[in-house]
Amino acid sequence: MRMRGEKVQADVLAILHQRHGSMSAYDILAQLREANPKIAPPTIYRALAALTERGRVHRLESLNAFTACQCDHHQHAAILSVCDDCGAVEESVAPELLQALSSIAGKTGFTATRHVIEVHGICASCSGGPVPS
Ligand SMILES: [Zn+2]
Ligand SMILES: [Zn+2]
């Protein structure tokens, strides 16, 4: 049972890595069903929850979708930039920004435990501008 769960997680991660954008749980399920028609939605949700927990996958709250983590350090809050044109998702890390947000929220005595930062816009290739290397 445990082995099977890990297999599903690996499959989900592979599917998300192929896509340079985000996918809904339903899209992922549809793709997995091509190889394994019997796979059930709760299996996918469990795999996504485990992958998100470990930072291998990030949840895009604004789109109710998931994207593969693009960097090596997995335990961080990512800043996710979403292209509204092609759907590409870019990931950036800015610990100082997270700290600043925590301290702003903390002014009222609030304790921040989780940051969700999503930026919508147009990516470099869709805007026709120079693509940074
Ligand atoms: Zn990441
Ligand atoms: Zn784009």
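A residue counts as buried when 20 or more other C-beta atoms lie within 10 Å of its own, as exposed with 12 or fewer, and as partly exposed in between, with C-beta atoms placed from the backbone. By that rule, 17% of the 133 residues in the chain are buried. This is a predicted model, in which local features need pLDDT of at least 70 and side-chain atom pairs count only at pLDDT 80 or more, while totals for chains, interfaces and linings use all residues. Residues are numbered from 1 along each chain as its sequence is written, with chains lettered from A and ligands numbered from 1 in the order in which they are written.

**Stop 1: the whole chain**

Show the cartoon first. You should find five helices and five strands; helices (H or I, at least four residues) and strands (E, at least two) are DSSP runs numbered from the N terminus. Following the chain from the N terminus, the order is α-α-α-β-β-β-β-α-β-α. The C-alpha trace spans about 50 × 40 × 25 Å along its principal axes. Two residues are in contact if their C-beta atoms, placed from the backbone, lie within 7 Å. Of the contacts with a separation of 6 or more, 49% link residues 24 or more positions apart.

**Stop 2: the core**

Now select Val12, Leu16, Ala47, Leu48, Val57 and Phe66, the residues with the most contacts inside the largest nonpolar core, which has 14 residues. A nonpolar core here is a set of buried Ala, Val, Leu, Ile, Met, Phe, Trp, Tyr and Cys residues joined through C-beta atoms within 7 Å. Colour helix H1 (2-18), helix H3 (41-53) and strand E2 (65-68), each of which supplies at least two residues of this core. The largest share, four residues, comes from H3.

Zoom in on Ala47. Leaving aside residues up to four places away in sequence, Ala47 touches Gly5, Val8, Gln9 and Val12.

**Stop 3: helix H3**

Stay with H3 and put a distance between its end C-alpha atoms. They are 18 Å apart, which agrees with the 18 Å that its 13 residues should span at 1.5 Å a residue; the expected span is 1.5 Å times one less than the number of residues.

Which residues of H3 are buried? Select Ile44, Ala47, Leu48 and Leu51 to see them. Looking down the axis of H3, these buried residues fall within an arc of 100°, so they line one face of the helix; the arc is that of the directions from the helix axis to the C-beta atoms. An α-helix has 3.6 residues a turn, so residues three or four places apart point the same way. Rotate to the face turned away from the buried side of H3 for the exposed residues Pro42 and Glu53. After H3 comes Gly55, with a positive phi near 75°.

**Stop 4: the E1-E2 hairpin**

Next, select strand E1 (57-60) together with E2. The two pair in the antiparallel sense over four bridges; strands pair if DSSP finds at least two bridges between them. Val57 has Ala68 as its bridge partner in E2.

Four residues lie between the strands of this hairpin. Pause at Asn64, in the loop between E1 and E2: its phi is positive, about 50°, although Asn64 is not a glycine. Asn64 is exposed, with 11 other C-beta atoms within 10 Å.

**Stop 5: the three-stranded sheet**

Move on to an open sheet of three strands in the order E4-E3-E5, with mixed pairing. E4 and E5 are the edge strands, each pairing on one side only.

Show the side chains of E3 (residues 79-83), which alternate. Leu80 and Val82 point to one face and are buried, whereas Ile79, Ser81 and Cys83 point to the other and are not.

How do E3 and strand E4 (residues 89-92) pair, and over how many bridges? They run antiparallel, over four bridges. In E4, Val89 is the bridge partner of Val82, and Ser92 that of Ile79. Five residues separate the strands of this hairpin, where Gly87 takes a positive phi near 85°.

On the other pairing of E3, strand E5 (residues 117-121) runs parallel, joined by five bridges. Look for Val119 in E5 opposite Ser81.

**Stop 6: helix H4**

Finish at helix H4 (residues 95-106), whose 12 residues reach 16 Å from first C-alpha to last, close to the 16 Å expected. Of those 12 residues, the number buried is zero, so H4 lies largely in the open.
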